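Welcome! Take a moment to look over the sequence and the model, and then work through the exercises at your own pace.

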Amino acid sequence: MAAAKKAVLGPLVGAVDQGTSSTRFLVFNSKTAELLSHHQVEIKQEFPREGWVEQDPKEILRSVYECIEKTCEKLGQLNIDISNIKAIGVSNQRETTVVWDKLTGEPLYNAVVWLDLRTQSTVENLSKRIPGNNNFVKSKTGLPLSTYFSAVKLRWLLDNVSKVQKAVEENRALFGTIDSWLIWSLTGGINGGVHCTDVTNASRTMLFNIHSLEWDKELCEFFGIPMEILPSVRSSSEIYGLMKAGALEGVPISGCLGDQSAALVGQMCFQDGQAKNTYGTGCFLLCNTGHKCVFSEHGLLTTVAYKLGRDKPVYYALEGSVAIAGAVIRWLRDNLGIIKSSEEIEKFAKEVGTSYGCYFVPAFSGLYAPYWEPSARGIICGLTQFTNKCHIAFAALEAVCFQTREILDVMNRDCGIPLSHLQVDGGMTSNKILMQLQADILYIPVVKPSMPETTALGAAMAAGAAEGVGVWSLEPEDLSAVTMERFEPQINAEESEIRYSTWKKAVMKSIGWVTTQSPESGDPSIFCSRPLGFFIVSSMVMLIGARYISGIP
């Protein structure tokens, strides 16, 4: 029998979407933006000490190769010829910091994840050196001094990991965020790999001047970072190099965007004032501010949105960052065992339809925007004997929505024009109860594309539009129309405000929780500040509570 004829679909573009929780590879038709196939692998997170979050860079790289191979196999089963894949884009978790040996290709330490808190004392020490009347770090980077960003993570590695110190001294060390590690590895690694990043990822390091679009000498000196270990900074859409191994060997990597910038592009928010909210491990609301940097008065970040070509202009965004969104669902699954799968939370929430006065502030890594309060920790309050795991599941979903409301409120104040609706994307948007809750709590419509993979789509668009590839047009008249699902508020405004004001009260109770403990040193002094009875009573309450919530008699 003759072999089945391969389907001809025109040029295709692949996208690596490397997130905090998983890695995916997706393939799109560049003419229709249709998603043809994808594969996903969950990524392990390691918590070696309280407040520390790490991942294995080699596991991340292996997961990328696995996702590419499996997706190509699936395309073959659909009779789609993988030789039609003309370019690959990369989208990645931002700020997560990797240092590796350029001679061996081996990471010199685990990747220090953006959520990691070990650098709090580093931040406190550095903040004392910034003049009160001249916050040059924020004016150059658009970012507050925080454990969130790469510079302090890199400083910690230089101070605490002898292998990193030695490699820097011997000129063997390379630093990068996840995009840099992947592009260097995929384009050859020790055999000529390209050490680069794009402007969006560079703008999240606290070493990059967002006005001149260059690594900043003053910032590097302030943080004590040798500039020779930094990657070259490129636009978000140009050919960086070619794949050197695997099923797609020879295909150019020609798009690179930090995940939230990629989602902004994928949602086609190309106009000043357009905004999107992505629900992933964290929650990130970005508003395009055009060619001008807008500095927030209310705790939002100023960041590079994208630069789609070497000779194209840069666009900026205001960003509200929430550390814990989807991560709270994973915590309920992995740490408490309340749910067996992430999908189960929707069933539990639907069963009760309310949190019954229970509020959950998941400040596991402190609070990000608009508070920037590292002393906060997670709390569940308003518990009664009636409270069960379904109410806590509902409260967890509400927490994601309340945090979004907080950043939307301050973004409206900074921009001056309130958003009339919210465009959303990300894995959590498949949860219809979450989306309806979000519309109710914001009291504006929530609009979701029928194809929620906008982060990967944005990376694919940047790759396909690159000079020398040219298979994806970003002209407004050529962009595909997107089918949307709309969620309208279904409660009255007064009820929405009452729930929100109670949430704010809960947030205030979460702040100031950590006072003497330094996650960086694992300082045990916090235990000296509490009487023994406190720990006995706390342990009993936690044990009884955990048994009750889990349904153990």
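Each exercise below sets a task and then solves it step by step.

This is a predicted model, in which local features need pLDDT of at least 70 and side-chain atom pairs count only at pLDDT 80 or more, while totals for chains, interfaces and linings use all residues. Residues are numbered from 1 along each chain as its sequence is written, and side-chain values use heavy atoms, with hydrogens and water left out.

**Exercise 1. Find out how many residues of helix α9 are buried, and what follows the helix.**

Step 1: Helices (H or I, at least four residues) and strands (E, at least two) are DSSP runs, numbered from the N terminus. Buried means under 20% relative accessible area, exposed over 50%, and partly exposed in between (1.4 Å probe, protein chains only).

Step 2: Helix α9 covers residues 259–266, and 8 of the 8 are buried, so the helix is largely enclosed by the rest of the structure. Among them are Asp 259, Gln 260 and Leu 264.

Step 3: After α9 comes Met 268, with a positive phi near 60°.

**Exercise 2. Describe the surroundings of Cys 269.**

Step 1: Look in the loop between α9 and β15, where Cys 269 is found. Its relative accessibility is 0%, so Cys 269 counts as buried.

Step 2: Contact means heavy atoms within 4.5 Å. Leaving out residues up to four places away in sequence, Cys 269 touches Leu 264, Gln 274, Ala 275, Lys 276, Asn 288, Tyr 306 and Gln 423.

Step 3: Cys 287 is 18 residues apart from Cys 269 along the chain, and their C-alpha atoms are separated by 8.2 Å.

**Exercise 3. Give the strand order of the open sheet of 7 strands, and locate α13 against the sheet.**

Step 1: The order is β17-β18-β16-β15-β21-β22-β23, with mixed pairing. Two strands pair if DSSP finds at least two bridges between them.

Step 2: At the edges stand β17 (301–306) and β23 (484–487), each with a single partner strand, so one side of each has no neighbour in the sheet.

Step 3: Take one pair inside the order: β21 (residues 422–425) and β22 (residues 446–449) are parallel, over 2 bridges. Leu 422 has Val 446 as its bridge partner in β22.

Step 4: Helix α13 packs on the sheet, touching β15 (275–279), β21, β22 and β23, and its direction makes about 55° with that of β23. Axes here are lines fitted to C-alpha atoms, for helices over the stretch in contact, and angles run from 0 to 180 degrees between N-to-C directions.

Step 5: Of the 11 residues of α13 (residues 432–442), 10 are buried. At the start of α13, a side-chain oxygen of Asn 431 comes within 3.1 Å of the backbone nitrogen of Ile 433. Just after the helix, Tyr 443 has a positive phi of about 60°.

**Exercise 4. Say which faces of β8 are covered, and how β8 pairs with β6.**

Step 1: In β8 (residues 173–177), 5 of the 5 residues are buried, so the strand is largely enclosed by the rest of the structure.

Step 2: Both faces are covered, with Ala 173, Phe 175 and Thr 177 buried on one side and Leu 174 and Gly 176 buried on the other.

Step 3: β6 (residues 97–101) pairs with β8 in the antiparallel sense over 5 bridges. One of the bridges joins Val 98 to Gly 176.

Methods: Polar contact = N/O pair within 3.5 Å; in protein donor to acceptor, adjacent residues only side chain to side chain.
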